[in-house]
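Grab your viewer and work through these exercises one at a time. Each comes with a solution, so have a go before reading on.

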Amino acid sequence: MKLQTTKLKGIFKASALLIAASVMAVSCNEKHAEYPPVTETPGAATYEINGYVMKSGTTTALSDVTVTYETDSKSGTTTTNSNGYFEFKGLSEYGTYDLTFEKDGYSTNYQTISFTQGSDGENKIQSVNVNLSALPENSTTIDPEEGGEVPIEGDVSGELVIPAGTVVRNSSGQTVTGPIGFYANEVDDISTSDANSYAPIAVLDLLPNGYTFTPALTLRVDNPMNDYYFGDAVLQYYNSSSRTWQTQSQEVTYEDGQYVTTISHFSIYKIALGAAISTSTTEEDITVNNPVTDNSNSIESALVSSVTVQKLSGYIYETPISTVLSNAGITTDVSAITEQIQNVIQKYLGLTQNPSTSFTTTNTNMSVNHTVPGGYILTLTASQEIMQTTFTFNLANSSGTTNSIDVTVEHAGDVVTIGTTLTSGNDHGNGGGGSN
């Protein structure tokens, strides 16, 4: 009897342990379900950023450049090697990465990239190659009490005018007196994911960073064209905190061959091309391979499950820019105007190259699932969505003539509509359509 009691106690003890283990397992699983990861996918996809840093306008690699990335929750820092190469490997977050490139004696460069979520086991890589502009060896020293001009260094020319009696304050708000070393340096455009970033006429890094001025300073940038200028230029300021370009309220005017505006604090600025932009959508017929299914000699129904169409892709100009300019009577500065317009279009549409002269066609299988009754003929047609983006530019010349020109870019969309027509042996028909 004693032996049986001992065995029962052992059974109860083992059962209690199993129940406790089960409760703990349920509890752990419930806790995990309450706090799922949002953007991290540990053990699944990984992400990598790499690239090279070069001295602007040269093939010289820059070593010891400090490269920093920041996300909403993480950050990291590395430096470039002797070849100007850097990398961040094994990153676990997808989404937006803000990159900063810094080196003494050079203007700081900012870049923003984004990863979409990867699949299990995938390593997604983005390469970012940047140029850093060297600061002029010598600053322009001016006493704000006396005033003066700071020349713009770089491929563009112009000057920053400091009026006599200007009150200067540093980034801490303290008044700065006496001679000050100023820089006005042309730099590369800063890429952002913000649609409000316009194509540049000139991008300038004004130093010392954070200095403010009362009254505002006059910024003058020479027009790179001989006869024409863009009448819709705007001033944009780069906000390094939000990583966005912000359009300023002060106007950009045109005087004596220069774009002219005012600024009241030093940072990175861009005199950019604004343009009125409108969009519309049309449909274009596309080719259906083997569009006819003839079931007229059968009494049995036939199923057409799919069809192959020649789907369009890419971007094209509705009318070439050179033709648009010629039709408007513009025969000078054609190359320079074309380049500026192309920059606007590429930047707005996110293209890495100019639109082509024709769409690319690709054989694409589309689902139909249409039954053709015996004694009938099925004819298929197809059309594809075409999106049109029209850019309106205002061009003026020194004689006072103003031209408003429209440049339209067509983009092949993803929506394909399949049309169906059934025709009987007696030519009685009915049709329909659908989208894929």
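**Exercise 1. Decide whether F213 is buried or exposed, then work out how F213 sits against F182.**

Step 1. This is a predicted model, so start from the computed accessibility. F213 has a relative accessible area of 3%. The cut-off for buried is under 20%, so F213 counts as buried.

Step 2. Now do the partner. F182 comes out at 1% relative accessibility, so F182 is buried too.

Step 3. Check the ring geometry. The centres of F182 and F213 are 6.3 Å apart, with 45 degrees between the planes. Stacked needs planes under 30 degrees apart and edge-to-face over 60, so this aromatic pair is tilted.

Step 4. Place the rings in the fold. F182 belongs to strand β14 (residues 180–186) and F213 to strand β16 (residues 212–222), so the pair ties together parts 31 residues apart in sequence.

**Exercise 2. Classify the aromatic pair of Y97 and F115, and find the cluster that Y97 and F115 belong to.**

Step 1. Set the scene: searching the whole structure turns up 17 aromatic pairs. In the pair of Y97 and F115, the centres are 5.7 Å apart and the planes make an angle of 85 degrees. That angle is over 60 degrees, so the pair is edge-to-face.

Step 2. Locate both residues. Y97 is in strand β5 (residues 95–102) and F115 in strand β6 (residues 109–115), so the pair links parts that lie 18 residues apart in sequence. Y97 and F115 are both buried.

Step 3. Widen the view. Y97 and F115 are members of one aromatic cluster, together with Y47, Y69, F86, F88 and F101.

**Exercise 3. Which residue lies over the face of W245, and at what distance from the ring centre?**

Step 1. Look above the ring plane: the residue is K270.

Step 2. Read off the distance, which is 4.2 Å from the ring centre. The limit for a charge over a ring is 6 Å, so K270 falls inside that limit.

**Exercise 4. Describe the surroundings of T408.**

Step 1. Find the residue: T408 is part of strand β30 (residues 402–424). Its relative accessible area is 11%, so T408 is buried.

Step 2. List the contacts, skipping neighbours within four places in sequence. T408 touches I316, Y317, E318 and T319, and also Q388, T389 and T390.

Step 3. Look for a polar contact among the side chains. T408 and T390 are joined by one of 2.9 Å.

**Exercise 5. Map the empty space: how many cavities of 30 Å³ or more are there, and what lines the second largest pocket?**

Step 1. Count the cavities. The search of the whole structure gives 2 of 30 Å³ or more.

Step 2. Take the largest cavity, with a volume of about 60 Å³. Its lining consists of S107, T108, N109, N131, L132, S133, V187, D188 and I190.

Step 3. Turn to the second largest pocket, which holds about 310 Å³ of space. It has 20 lining residues, and T108, Y110, D205, L207 and N209 are the ones nearest its centre. Strands β15 (199–207) and β18 (233–239) each give at least two residues to that lining.

**Exercise 6. Compare the backbone at two prolines and two aspartates.**

Step 1. Start with the prolines. The L207 to P208 peptide bond is cis, with omega near 5 degrees, and P208 sits in the loop between β15 and β16. The T214 to P215 bond is cis as well, with omega near 0 degrees, but P215 lies within strand β16.

Step 2. Now check phi. D64 has a positive phi near 60 degrees, and D333 has a positive phi near 60 degrees too.

Step 3. Look at their settings. D64 is in the loop between β1 (46–55) and β2 (66–70), while D333 is in the loop between α2 (321–327) and α3 (334–349).

Step 4. Finish with accessibility. D64 has 53% relative accessibility, so D64 is exposed. D333 has a relative accessible area of 14%, so D333 is buried.

How values were computed:
Residues numbered from 1 in each chain as written. Predicted model: local features only at pLDDT ≥ 70, side-chain atom pairs only at ≥ 80, totals over all residues. Heavy atoms only, no water. Helix = DSSP H or I, 4+ residues; strand = E, 2+ residues; numbered from the N terminus. Buried < 20%, exposed > 50% of the residue type's maximum accessible area, 1.4 Å probe, protein only. Polar contact = N/O pair within 3.5 Å; in protein donor to acceptor, adjacent residues only side chain to side chain. Contact = heavy atoms within 4.5 Å. Phe/Tyr/Trp six-rings, centres within 6.5 Å; stacked < 30°, edge-to-face > 60°. Lys NZ or Arg CZ within 6 Å of the ring centre and 35° of its normal. 1 Å grid on protein atoms, 1.4 Å probe; cavity = no way out; pocket = protein on both sides within 12 Å on 5 of 7 lines; lining within 4 Å. Points joined across faces, edges and corners; volume = space filled by probe spheres on them.
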